[in-house]
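Biologist: I would like a close look at a single part of this model, and then a walk through the parts that connect to it. Please keep it plain, since I am new to reading structures.

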Amino acid sequence: MKSFLLLPCLSLFTATLATAEVSITKSLNGWELSNGHVRMELIRSANKVQLKSLRGDGGAEWAVTGTPLIASPDKSGKPYHFSKDAIEDSPRGAKQLTLRFESESGGTISLTLKLYPTGAVVEVATRIENHGQQNLPLDPHIDPIFLTLKNPAEGLKPYSSAKNQHGFQPAGAVSKVSRDFKDWLVLENVKAGESALIGGEPGVGILGWRASVSTSAAGTVLQAGSVFLKDKKSGPPPIFELAPGNSVETPPSFFALAKGDTDDAGNETFRYLKQYVFQTPLPNSPLITYCIWLTEKNSEAQLLKELDFAKSMGFDVYYHDATWYEGASVVPGMNDWTSGLGSYQDDKVKFPHGLKNFSEAVRAAGMKFGLWIDPGNVDAARVESGEIPSDWVAMIDGITIGTTHPSLAITKQLCLGDPRVVSWVEKQLGDIIEKWHLEWIKWDPSSTVSYECNRTDHGHGTTDGAYAAYRGRVEILKYLMNRFPNLSGFECDPSLLYARTNPGPQGLLPGGYTNEFIMGPMLSPNVWGSLATIGKGDAGRENLTARWYSASALDYYFRKHFTHGVTFGNVNGMSSQFLSAAPPGFLEAFRRNLYFFKQYRHLLLEDVYHPKVAAAGWSSVQYVKEDASESVVYVFRDKSPTAATTVNLRGLDPKTKYKVTSLNDRPGRDRVMTGETLANGIAVKLPEPWLAKGDGPFSKEFANQEEYGSDVLLLQKLEQN
């Protein structure tokens with residue numbers, strides 16, 4: 001298995017991103033790393049390197065002095081001893097310190113600490129090499145982050161993601177028993193008024209990520225990093241074996257310090273990610289896209305008709321989901337998207353004039369065009385015919401990996417850890433992007449079963465198939481982004497470095513980097529024969545199945561989704577699920593909310609806060625420009641018995657006056673308020689009575705809709721006289 005640089009990182013922040021000079025100095029006792037915003041001191045004792053100090057500029061001390069800096073994943077039991085160091089310049093004005101540790105087992109661990117001139121950021125890369133003669137057994141959880149943090153009197157308070165909520169939510173407490181967090185984590189030191197955010201590369205759906213926290217009298221021990229082999233439901237824990245002459249590197253992880261709470265830690269982290277890690281967003285991000293497909297002959301005619309509808313609605317992207325390829329199913333409404341999978345020729349039965357002609361029609365309508373892909377899976381018939389080599393197929397213990405879903409043709413999975421497969425995928429994708437002028441790609445591995453191929457004829461061993469597949473997929477993504485720098489898409493599996501859309505946890509990132517797939521009312525019971533079903537739902541449900549919805553209830557639905565980018569799609573390839581078949585009132589509400597969304601969506605790439613709302617059962621998300629000149633505030637009443645409350649806004653200049661516009665009001669009702677007044681609380685009452693009930697009598701059948709409500713407040717800084 002060849003070496004592959006994955007740029008791991010550990011990031012430490014304070015509240016400023018001002019430029020400073022980076023310095024790394026070595027003394028007889030150790031090293032000091034500083035850039036004016038963060039200082040990290042290391043001490044050398046005999047053959048060990050330990051942490052002495054870690055703090056942001058003017059902040060509290062986080063480190064317990066004399067604690068280790070590396071957590072060895074080597075399960076051979078052999079200790080690692082410090083051997084040498086190197087100080088080097090890096091791109092973008094950075095400097096880095098590399099510490100090398102060696103073991104009698106033949107293993108080496110290299111720890112690289114890098115400081116940037118902008119912001120209090122330290123990156124840490126971990127690389128493990130096997131210079132021995134035997135396989136090196138490693139823990140499948142390889143953690144580049146290993147810190148012992150000081151315990152404040154009241155302890156460090158943990159926060160992490162929670163289902164159907166945006167931002168970091170309270171996550172109980174940490175204790176002597178090690179606790180795992182599978183999503184990014186914030187530890188808050190309330191007494192010091194500081195927070196630490198721990199996160200990392202999600203692993204493009206192949207690897208995992210985990211943070212473990214435990215407390216003792218000595219401090220809070222934090223380990224975080226990548227999961228290279230996922231735990232089995234039963235049996236002994238898995239072992240990751242590194243063959244002689246091979247190496248492994250962890251994907252990026254980061255640790256961020258900020259003065260303030262979870263939102264402050266989040267914003268400092270997102271500023272770093274935006275500046276150093278994420279792909280540059282495309283103009284007008286986040287985009288609103290329409291994902292559509294059919295399993296019918298000459299579907300081109302229907303899709304061109306729907307294209308006119310998509311243009312009238314105001315979509316930014318119009319792209320084709322599965323079944324565009326030669327040999328795809330033409331049985332209407334049966335969801336079979338795997339027939340023909342593995343071909344990269346357009347299906348002339350469905351597209352008599354070809355996909356190039358269809359792409360030109362979409363771009364002529366003012367939208368971007370794209371396609372769905374699943375490069376890691378193919379129709380089993382293509383392997384059995386010899387078209388695709390059988391020795392590319394992924395196996396576990398000699399059994400072929402593939403899916404046998406009742407609605408789908410049988411598939412076989414290709415091993416993305418096989419260099420031959422990677423080269424083939426790069427060529428196929430590069431060719432179709434170029435010849436059909438694709439600007440949007442949806443990489444959707446829906447039929448994938450497992451990445452842990454253990455064939456030994458693919459260039460990997462019996463335990464590192466998933467890691468090889470991760471490297472292969474990253475290599476493909478890197479190739480595509482380098483060749484087509486403006487390529488974007490709906491990434492079902494996130495990557496911090498190579499996904500322009502959905503690069504990380506959707507519930508934690510700013511909405512400008514997120515795109516969500518929705519169907520609205522276009523499924524069962526509203527659509528006969530729909531294979532996507534849902535029961536009865538109220539106004540707060542994801543899918544709308546009641547007999548009638550008020551304007552207020554529809555606005556609530558769309559505003560919940562328009563906190564980020566959105567993809568509307570017909571999930572089963574049925575024309576009856578087209579958005580154009582939705583109730584006219586739903587479409588009017590869509591256009592109304594999209595009209596306003598395009599006016600403020602640029603703010604969804606900015607700092608994000610979750611303002612305090614006085615009443616229970618309410619929520620709020622606020623985006624603010626870093627210079628506090630402009631803001632958008634979403635306010636939601638989420639089935640609360642309380643109809644009126646106050647919302648304390650954040651991130652504004654207290655002395656500045658702002659024009660406050662409510663999207664629930666008609667024009668001419670703007671208010672002027674100071675940032676200080678808004679921080680102390682703006683009064684909100686929801687739902688707006690006229691939008692919820694209209695002019696006539698209101699049926700008790702729909703009374704539950706009055707427990708929901710929403711508003712969007714637009715804030716614009718006024719010029720001072």
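Where is proline 286 found?

Modeller: Keep in mind that this is a predicted model. Proline 286 is found in the loop between helix 1 and strand 22, which spans residues 288–292. The bond leading into proline 286 is the point to look at: the peptide bond from serine 285 to proline 286 is cis, with omega near 0°. Most peptide bonds are trans, and most residues other than glycine have a negative phi.

A cis bond also joins serine 524 and proline 525, where omega is about 5°. Proline 525 lies in the loop between strand 30 (515–518) and helix 7.

Backbone angles can also stand out through phi. Asparagine 502 has a positive phi, near 55°, although asparagine 502 is not a glycine. Its place is the loop between helix 6 (465–483) and strand 30. Asparagine 502 counts as buried because its relative accessible area is 2%, and buried means under 20%. Alanine 628 is another residue other than glycine with a positive phi, here near 65°. Alanine 628 sits in the loop between strand 34 and strand 35, and at 9% relative accessibility it is buried. A glycine with positive phi, near 90°, is glycine 366, which follows helix 3.

Helix 1, at one end of the loop that holds proline 286, also takes part in the largest pocket. Helix 1 (262–277) supplies at least two residues of the lining, as does each of strand 13 (169–170), helix 7 (551–561), strand 33 (612–613), strand 34 (618–624) and strand 35 (630–638). Strand 34 gives the most, with 5 residues. The lining has 43 residues in total, and Asn164, Gln165, His166, Gly167 and Lys560 lie nearest the centre of the pocket. By class, 14 lining residues are nonpolar, 18 are polar and 11 are charged. The space in this pocket comes to about 1300 Å³.

Helix 2 and helix 3 form a pair. Their axes come within 11 Å and cross at roughly 10°. Angles under 35 degrees count as roughly parallel, so helix 2 is roughly parallel to helix 3. Helix 2 makes the contact through Glu300, Leu303, Leu304 and Leu307, and helix 3 through Gly354, Phe358, Ala361 and Val362. Sorted by class, this contact has 6 nonpolar, 1 polar and 1 charged residues.

Within helix 3 (354–364), the buried residues are Gly354, Leu355, Phe358, Ser359 and Val362. An α-helix has 3.6 residues a turn, so residues three or four places apart point the same way. The cover over the buried residues of helix 3 includes helix 2 (299–313), strand 23 (317–320) and strand 24 (368–373).

Two further loop residues can be set side by side. Glutamine 577 is in the loop between strand 31 (565–569) and helix 8 (584–600), and it is buried, with a relative accessible area of 0%. Leaving out residues up to four places away in sequence, glutamine 577 touches Met519, Met522, Val527, Ser530, Phe568, Asn570, Val571 and Asn572. Lysine 78, in the loop between strand 5 (67–68) and strand 6 (80–90), is partly exposed at 40% relative accessibility. With the same neighbours in sequence left out, lysine 78 touches Ser103, Glu104 and Ser105.

Methods
Residues numbered from 1 in each chain as written. Predicted model: local features only at pLDDT ≥ 70, side-chain atom pairs only at ≥ 80, totals over all residues. Heavy atoms only, no water. Buried < 20%, exposed > 50% of the residue type's maximum accessible area, 1.4 Å probe, protein only. Helix = DSSP H or I, 4+ residues; strand = E, 2+ residues; numbered from the N terminus. Contact = heavy atoms within 4.5 Å. Axes fitted to C-alpha atoms, helices over the stretch in contact; angles between N-to-C directions. Parallel < 35°, antiparallel > 145°, perpendicular 65-115°, else oblique. Nonpolar A, V, L, I, M, F, W, Y, C, P; charged D, E, K, R; others polar. 1 Å grid on protein atoms, 1.4 Å probe; cavity = no way out; pocket = protein on both sides within 12 Å on 5 of 7 lines; lining within 4 Å. Points joined across faces, edges and corners; volume = space filled by probe spheres on them.
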